[in-house]
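Student: I should like to examine one part of this model in detail, beginning with a charged side chain and an aromatic ring. Please then relate that part to the other side-chain arrangements of the chain.

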Amino acid sequence: MEVTMSKDQGAQSAKKEEHVSKAFSWFHATSVNGGAMVIAAVISSYFSQYMTDHMGLAAGAASLIMFIATLWDAINDPIMGVLADRTHTKLGRYKPYFIFAPILLTLFSVLIWVNPGFSATGKFIWVLVTYIGYGMTVTMYTMPQMAILPAAVKSNQKRNMIITMGAGTCAAAFTIGNTFTPQLTGFFTNLGFSNGYIPLMIVCGILSAVSFWGLFATSKERYLQPVNQGETLKNLKLVLKHVELFPNIIAWIMASMGYGLMFSTSVYYMMYYYMRPDLISVYMGVISIGALVSMVVLMPIFLKVFKTGQRALMVSQILSMICYIILFFFGKTNFTFLCVLTFISACTSSMQNALVNVLVNDAIDYIQLKEGISANGVISSIKGFAQKCGNTFTNSGVLLVLSLSGYVANAIGQEPESTLFALNFLKFGAPCLTGIILILSVMFNPVHKYAKEIEDMKSKMEDVA
């Protein structure tokens, strides 16, 4: 519901809104992207190998577990988004989920590393159930965490600042989880733990509890409109009937694919195309450091220089594609040359996965303008669903392309030309295609057309805290 205020009231409201507590900003940035992100990085990088090499599961069985869990994970995103929007408690709409999130996260992230003395079938069921539990927990806290930012902060500038903080924290946490897990688990093993992953998960779970409970204590759901109390499907249809939002959905998918390709293709590229498996760790380090610089240093500069997340996203993609095109043709010339341009492209492209979060806030504002309701959770869940679709396309698509190209496992220096072309294309050609589609999608962001109306609406919104 829109409420008209006097000039004095408007000035007081604006002044009040201008102040966003440092505590809220910090806890929002470190909730999903702190200890929880270290857990996610460890699981994404090491859990598949743990299933096959330590638990004794067949690779096909491990693959089936991932497929079933990922499929369900994508399906339950919209369900969680609608549920969050329709939650009504004295504690708030989104805040209650932050109480239970770190408890469940710690529980399931520990259980998936437990190697029970079951049969092969028993282990399959154990891992499937615990991994689904972990995925549902991530969905449970991700949707409300995204949804609460526009509910607590009205200024686009301050929203972008908090998103930038979260991106930097995410990059640092992911780098730690990707790079130092062997050392961290080894440290706990030296202390006497038989499985170093379990105490590592507990420590990360405690860190996530500090952040999530801090977010619960410092967040205020000020800027919320009424919610459509219809059925789940009707709530989704209410948002999806606005075809103007479809470019945003495409942008979320493309950003996820582009970011995923940067990491998922690098090992194959160095091992089989460059034929230097001994340089894989060095090359991955170049990419990880570039991603860290992108999130922590360059993204705030891009937002300051180009004023909006949309323009920053388009410029970063153009710069990345220039590097990719050069590397596609000349990447094999010299390793130093490859590393320098890869570092530059990682610096400009990695921020895409964070900058597209700006489009979530834009879509929420747009629906408030058009429908007069808050659909923060639904829109956040649609973004989550799109992102997971992108991840699925990347993870399965890389293997599919390699399979069709005649790829032969462990045949370093003996791969057919079709496979070498496919590897080069996956590494540098495919991200150019996702970048072009992403730029075109951002250009059609509906906020460009309704920017003034949205700002007028937000200036009249009542602080319900």
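Over the ring of which residue does the charged end of Lys332 sit, and how far is that end from the centre of the ring?

Tutor: The structure is a predicted model, and the description that follows should be read on that basis. The ring in question is that of Tyr273: the charged end of Lys332 sits over this ring, 4.9 Å from its centre. Tyr273 also belongs to an aromatic cluster, whose members are Tyr269, Tyr273, Tyr283, Tyr324 and Phe428. Tyr273 therefore takes part both in the arrangement with Lys332 and in a cluster of aromatic side chains. An arrangement of this kind is also found for Lys95, which lies over the face of Phe216 at 5.0 Å from the ring centre.

Aromatic side chains pair with one another elsewhere in the model. The structure holds 17 aromatic pairs in total. One of them joins Trp113 and Tyr197 in a stacked geometry, with 3.9 Å between the ring centres and 0° between the planes. Trp113 lies in the loop between α5 (97-111) and α6, whereas Tyr197 lies in helix α9 (residues 197-218), so this pair ties together parts that are 84 residues apart in sequence. Both partners are classed as buried, although their values are not identical: Trp113 has a relative accessibility of 0%, and Tyr197 has one of 13%. Because the limit for a buried residue is under 20%, the value of 13% still places Tyr197 in that class. Another pair has an edge-to-face geometry: Phe328 and Phe329 are 5.1 Å apart, centre to centre, with 85° between their planes. Here Phe329 counts as exposed, since its relative accessibility is 58%.

Phe329 leads directly to the surface. Together with Ile318, Leu319, Ile322, Ile325, Ile326, Phe330 and Phe337, Phe329 makes a nonpolar surface patch of about 740 Å². The element that gives the most to this patch is helix α14 (residues 309-330), which supplies seven residues. Leu319, one of the patch members, has its place in helix α14. With a relative accessible area of 37%, Leu319 is partly exposed, because this value falls between the 20% and 50% limits of that class.

Charged side chains may also meet other charged side chains. Side chains of opposite charge can pair when their charged atoms come close. The model has four salt bridges. In one of them, the side chains of Asp365 and Arg159 meet at 3.0 Å, N to O. This bridge links distant parts of the chain, with Asp365 in helix α17 (residues 357-371) and Arg159 in helix α7 (residues 156-179), 206 residues apart. Asp365 and Arg159 are both buried.

Two further bridges have a different setting with respect to the surface. Asp278 and Arg276 form a salt bridge in which the closest N and O atoms are 2.7 Å apart. Asp278 is partly exposed, at a relative accessible area of 49%, and Arg276 is likewise partly exposed, at 36%. In the case of Asp456 and Lys452, the closest N and O atoms of the salt bridge are 3.2 Å apart. These residues are four places apart in helix α20 (residues 447-460), so about one helical turn separates them. Asp456 counts as partly exposed at 33% relative accessibility, whereas Lys452 is exposed, with a relative accessible area of 62%.

Helix α6 offers two buried residues for comparison with these surface sites. Thr139 lies in helix α6 (residues 120-152) and has a relative accessible area of 2%, which means that Thr139 is buried. Apart from residues up to four places away in sequence, Thr139 touches Asp73, Asn76, Asp77, Met80, Pro144 and Lys388. Ala152 also has its place in helix α6, and Ala152 is buried at a relative accessible area of 8%. When neighbours within four places in sequence are left aside, Ala152 is in contact with Phe24, Lys220, Arg222 and Tyr223. Ala152 and Val286, by contrast, are 134 residues apart in sequence and 37 Å apart in space, C-alpha to C-alpha.

To return to the request: Lys332 places its charged end over the ring of Tyr273, and Tyr273 shares an aromatic cluster with Tyr269, Tyr283, Tyr324 and Phe428.

Methods: Residues are numbered from 1 along each chain as its sequence is written. This is a predicted model: local features need pLDDT of at least 70, side-chain atom pairs count only at pLDDT 80 or more; totals for chains, interfaces and linings use all residues. Side-chain values use heavy atoms; hydrogens and water are left out. Patches are made of residues with over 30% relative accessible area and no salt bridge: like charges are joined within 9 Å, nonpolar side chains (Val, Leu, Ile, Met, Phe, Trp, Tyr) within 5 Å. Accessible areas come from the Shrake-Rupley method with a 1.4 Å probe; for residues, only the protein chains shown count as cover. Buried means under 20% relative accessible area, exposed over 50%, partly exposed in between (1.4 Å probe, protein chains only). Contact means heavy atoms within 4.5 Å. Rings of Phe, Tyr and Trp (its six-membered ring) pair if their centres lie within 6.5 Å; planes under 30 degrees apart count as stacked, over 60 as edge-to-face and the rest as tilted. A charge sits over a ring if NZ of Lys or CZ of Arg is within 6 Å of the ring centre and within 35 degrees of the ring normal.
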